[in-house]
Amino acid sequence: MTVGRVLGGAVLRNRVKRRRREAVRLHGMIPAAMGVVINPKRSLLTAGFVNVRREIRRAFDVIEKAAGKP
C-alpha cells in the first residue's frame, strides 16, 4: 500500500495507510490472483472510518464483477 506525498507529511500518509489496510483486512479475502492498486484522495484524511470501509467494499465489489466472480 502506497500513498503519494501529495496527501501530506509522513504522519498523515502513515495514518492513511493504516486506515486503508485495516479496511481491507476487515473486508475479508482478497482474490490472490490479482494485484490491486488503490490511490486515495485527500478526502480520505477527513473521512470517517465507516465511509472508508464502505468505499473499500464498493471497490472490491467492482473488482470481483470485473473478474467474473459472483
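A residue counts as buried when its relative accessible area is under 20%, as exposed when that area is over 50%, and as partly exposed in between. The exercises below apply this definition to a predicted model.

**Exercise 1. The chain as a whole**

Task: Determine how many helices and strands the chain has, and state what share of its residues counts as buried.

Solution.
Step 1. Two helices and zero strands make up the count for this chain.
Step 2. The chain has 70 residues, and 20% of them count as buried.
Step 3. Along the principal axes, the C-alpha atoms occupy a box of roughly 40 × 20 × 15 Å.
Step 4. Among contacts with a separation of 6 or more, 67% are between residues 24 or more positions apart.

**Exercise 2. The salt bridge in α1**

Task: Identify the residue with which Glu-22 forms a salt bridge, and classify the accessibility of Glu-22 and of its partner.

Solution.
Step 1. The partner of Glu-22 is Arg-25, with 2.6 Å between the closest N and O atoms.
Step 2. A salt bridge requires a side-chain nitrogen of Lys or Arg within 4 Å of a carboxyl oxygen of Asp or Glu.
Step 3. Both residues belong to helix α1 (residues 10–27); because they are three residues apart, about one helical turn separates Glu-22 from Arg-25.
Step 4. Glu-22 has a relative accessible area of 29% and is therefore partly exposed. Arg-25, at 55%, is exposed.

**Exercise 3. The salt bridge in α2**

Task: State how many salt bridges the structure holds, and describe the one that involves Arg-58.

Solution.
Step 1. The structure contains two salt bridges.
Step 2. In one of them, Arg-58 pairs with Glu-55, at 3.0 Å from N to O.
Step 3. These two residues are three residues apart in helix α2 (residues 49–66), about one turn of the helix.
Step 4. Side chains of opposite charge can pair when their charged atoms come close.
Step 5. Arg-58 is exposed at 51% relative accessibility, whereas Glu-55 is partly exposed at 42%.

**Exercise 4. The length and the two faces of α2**

Task: Compare the expected span of α2 with the distance between its end C-alpha atoms, and decide which residues of α2 are buried.

Solution.
Step 1. The helix has 18 residues; at 1.5 Å a residue, the expected span is 26 Å. The end C-alpha atoms are 26 Å apart, so the two values agree.
Step 2. Val-52, Ile-56 and Phe-60 are the buried residues of α2.
Step 3. These residues lie on the same side of α2, because they cover an arc of only 65° around the axis.
Step 4. An α-helix has 3.6 residues a turn, so residues three or four places apart point the same way.
Step 5. On the face turned away from the buried side are the exposed residues Val-50, Arg-58, Val-62 and Lys-65.
Step 6. Helix α1 is included in what covers the buried residues of α2.
Step 7. After α2 comes Gly-68, which has a positive phi near 80°.

**Exercise 5. The largest pocket**

Task: Give the volume of the largest pocket, and find which element supplies the largest share of its lining.

Solution.
Step 1. The volume of the largest pocket is about 410 Å³.
Step 2. It is lined by 17 residues, of which Ile-38, Asn-39, Pro-40, Glu-55 and Ile-56 are the closest to its centre.
Step 3. Helix α2 contributes the largest share of this lining, with seven residues.

Conventions. Residues are numbered from 1 along each chain as its sequence is written. Side-chain values use heavy atoms; hydrogens and water are left out. Helices (H or I, at least four residues) and strands (E, at least two) are DSSP runs, numbered from the N terminus. Buried means under 20% relative accessible area, exposed over 50%, partly exposed in between (1.4 Å probe, protein chains only). The expected span of a helix is 1.5 Å times one less than its number of residues. The arc is that of the directions from the helix axis to the C-beta atoms. Contact means heavy atoms within 4.5 Å. On a 1 Å grid over the protein atoms alone, a cavity is a set of points where a 1.4 Å probe fits but cannot get out, and a pocket is an open set with protein on both sides within 12 Å along at least five of seven lines; lining residues have an atom within 4 Å of a point. Grid points are joined across faces, edges and corners, and a volume is the space filled by probe spheres set on the points.
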